[in-house]
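Me: I have this chain open and would like to go through its fold with you. Could you take my questions as they come?

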Amino acid sequence: MAEASGGGRPLPEDLIIWEILTRLPAKPVLRCRAVCRSWRRCLTSDAKFLLAHHRRQPLFPLVTTSGDQERRIDALDHRTGERRPVARINRTTISEDLDVLASCDGLLILIAFGGLNICNPTTRQLAPLPLFNVNCISGLYPHPPSGSYRVLCCVKTNGHAVYHVHTVGSDDLRCIGEPLEPWASGDVVEMMPMMEFLQPHVLAGGRLYWHPLKLPVGGSGKVNNMLVFDTVAESFRHVLSPVEGPCIELFEINDSLGLYKYRGSSSTADLWVLQDNERWVWSFKHRIKLQAMAFSLVPDTNGDMVVLSKKGKKPGLRWQYLQHISGTDGSSLRRYEWNVFLKLKKLRFKESLVRHSFFSMEGNNDGGVAEKPLFNGLSTVAVPLDDNYDPQACSEESMLAKSFAGVSLSF
């Protein structure tokens, strides 16, 4: 039992651990290990607690930046206006690179130190991935039947896309074959590395979803324009998206697939959710009117979105605005000034203290603590607020159109 100040009733220890500590960020939780031996055991090695803590952590979009002295990856907390540090390296040579290719359950696949690595920034663990001849990383995902994490990657062979699966912590690279056309050959294969870097595939409900393609229409009308990979069956299929054209963003929402279709001409964003991934029934939820024309839109897991918009005609490094837009009513409480050298990624990160055996397999210090300086000199950076922003005045310009809410389409 925890002692209460002022002589009140002490809080039950189970309440403190499972309802309070699971909601704290990782650093305060790690400090709490010094309270007593039982807490140290629970907060360090209790798998149920570590998983419960991970599930209650906020999910933040990732931001990369490159300067003369360093390259860094941050998690953007729009609530506090902070860029929380994830990883950084000193830029000693022009070729020294740092970028993120995939994210899942607090794990990141990074390009760093001349190769591919998997890391947990929260526990500061790093291990190399033995993937030397792959053309692109298509996704990182858990495989519940085996309890492992796996990487789907593409190897270009004689002009064809041949996909392989790598089990993290092993040297295995297993071929699972080619996807369906047109993803197997032709121009799509040539463009796939760049497409996957700019628009990473989305993991939802045990499936990886490719962004819709603009495909020529045959005599039968609409064609299936989305590739889907079942991570358990390790098979491909293609399906039809509810809308077509550019400016489509996929995201995971409540373990289902969400889709925002942005229309620049009207500055509106339509939200669709895949209600049934067996019969492929899409449901239209609502339409949000944005306050300004956006050139980058990153959806959040609850239907909210982070939007980048142009800052009038003012020159300089901060000629962009960043806003967090509510998916409920289209409102925005604050607006930030955004540096053009900050790259808002389509990947997200959530802290995790969950242990993974594949880090210790690499022979690092009792759990894979990185010897390379990927986590040295980390510091939080404030994102400057736009002092001229009036949320009340701007909210009057936003609206949520519900006239078509509840419409469902089956393909």
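Reply: What follows goes through the overall make-up, two sheets, some helices and a few side chains, and the model is a predicted one.

Me: Ok, basics to start with. How many helices and strands are in the chain?

Reply: The chain holds seven helices and 27 strands. Of its 411 residues, 48% are buried, and among contacts between residues at least 6 apart in sequence, 52% join residues at least 24 apart.

Me: Let's do a sheet. What is the order of the strands in the one that has β8 in it?

Reply: That sheet is open and has four strands, in the order β8-β9-β10-β11, with antiparallel pairing. Its edge strands are β8, residues 136-143, and β11, residues 173-177, each of which pairs on one side only. From one strand to the next the twist averages 30 degrees.

Me: And how many bridges are there between β8 and β9?

Reply: There are seven bridges between β8 and β9 (residues 148-157), and the sense of the pairing is antiparallel. One of the residues involved is Tyr-141, whose bridge partner in β9 is Arg-150.

Me: Which helix lies across those strands?

Reply: Helix α5, made of residues 187-198, lies across β8, β9 and β10 (160-167), and it runs at about 60 degrees to β8.

Me: There's a Glu in there that caught my eye, Glu-196. Is Glu-196 buried or exposed?

Reply: Glu-196, which has its place in helix α5, counts as buried because its relative accessibility is 4%, and the cut-off for buried is under 20%.

Me: So what does Glu-196 touch?

Reply: Leaving aside residues up to four places away in sequence, Glu-196 touches Cys-136, Ile-137, Ser-138, Tyr-163, His-201 and Trp-210. With His-201 there is also a polar contact between the two side chains, at 2.7 Å. As for Ala-102, which is 94 residues away from Glu-196 along the chain, the C-alpha atoms of the two are separated by 9.8 Å.

Me: Tyr-163 and Trp-210 again... which aromatic cluster are they in?

Reply: They belong to one aromatic cluster formed by Tyr-141, Tyr-163, Trp-210, Phe-229 and Phe-236. Tyr-141 is the residue that has Arg-150 in β9 as its bridge partner, while Tyr-163 and Trp-210 are both touched by Glu-196.

Me: Where do Phe-229 and Phe-236 sit relative to each other?

Reply: They are bridge partners, with Phe-236 lying in β15. The strands concerned are β14 and β15 (residues 235-239), which pair in the antiparallel sense over five bridges, and in the same pairing Asp-230 stands opposite Ser-235 in β15. The two strands form a hairpin with four residues between them, and Glu-234 in the turn has a positive phi of about 55 degrees.

Me: What sheet is that hairpin part of?

Reply: An open sheet of four strands, ordered β12-β13-β14-β15, with antiparallel pairing. β12 (202-204) and β15 stand at the edges with a single partner strand each, so one side of each is left without a neighbour in the sheet. Ignoring direction, neighbouring strands here are turned by 30 degrees against each other on average.

Me: And β14, what's on its other side, and how covered is it?

Reply: β14 also pairs with β13 (residues 207-209), in the antiparallel sense and over three bridges, with Val-228 in β14 as the bridge partner of Tyr-209. As for cover, β14 spans residues 226-230 and is mostly covered, since four of its five residues are buried.

Me: Switching to the helices near the start. Which residues of α3 are buried?

Reply: In helix α3 (residues 37-45) the buried residues are Trp-39, Cys-42, Leu-43 and Thr-44, and they pack against α1, α2 (26-31) and α4.

Me: Back to aromatics then. How many aromatic pairs are there?

Reply: The count comes to ten aromatic pairs. Among them is the edge-to-face pair of Trp-18 and Phe-49, with 5.9 Å centre to centre and 70 degrees between the planes. This pair links distant parts of the chain, as Trp-18 is in helix α1 (residues 13-20) and Phe-49 is in helix α4 (residues 47-55), 31 residues apart.

Me: Why do those two get different labels for burial?

Reply: Trp-18 counts as partly exposed because its relative accessibility is 29%, whereas Phe-49, at 0%, counts as buried.

Me: Last one: where does Arg-335 lie?

Reply: Arg-335 lies over the face of Tyr-321, at 3.8 Å from the ring centre.

Key:
Residues are numbered from 1 along each chain as its sequence is written. This is a predicted model: local features need pLDDT of at least 70, side-chain atom pairs count only at pLDDT 80 or more; totals for chains, interfaces and linings use all residues. Side-chain values use heavy atoms; hydrogens and water are left out. Two strands pair if DSSP finds at least two bridges between them. Axes are lines fitted to C-alpha atoms, for helices over the stretch in contact, and angles run from 0 to 180 degrees between N-to-C directions. Contact means heavy atoms within 4.5 Å. Rings of Phe, Tyr and Trp (its six-membered ring) pair if their centres lie within 6.5 Å; planes under 30 degrees apart count as stacked, over 60 as edge-to-face and the rest as tilted. Buried means under 20% relative accessible area, exposed over 50%, partly exposed in between (1.4 Å probe, protein chains only). A charge sits over a ring if NZ of Lys or CZ of Arg is within 6 Å of the ring centre and within 35 degrees of the ring normal. A polar contact is a pair of N or O atoms within 3.5 Å; within protein, one must be able to donate a hydrogen and the other to accept it, and residues adjacent in sequence count only if both atoms are side-chain atoms.
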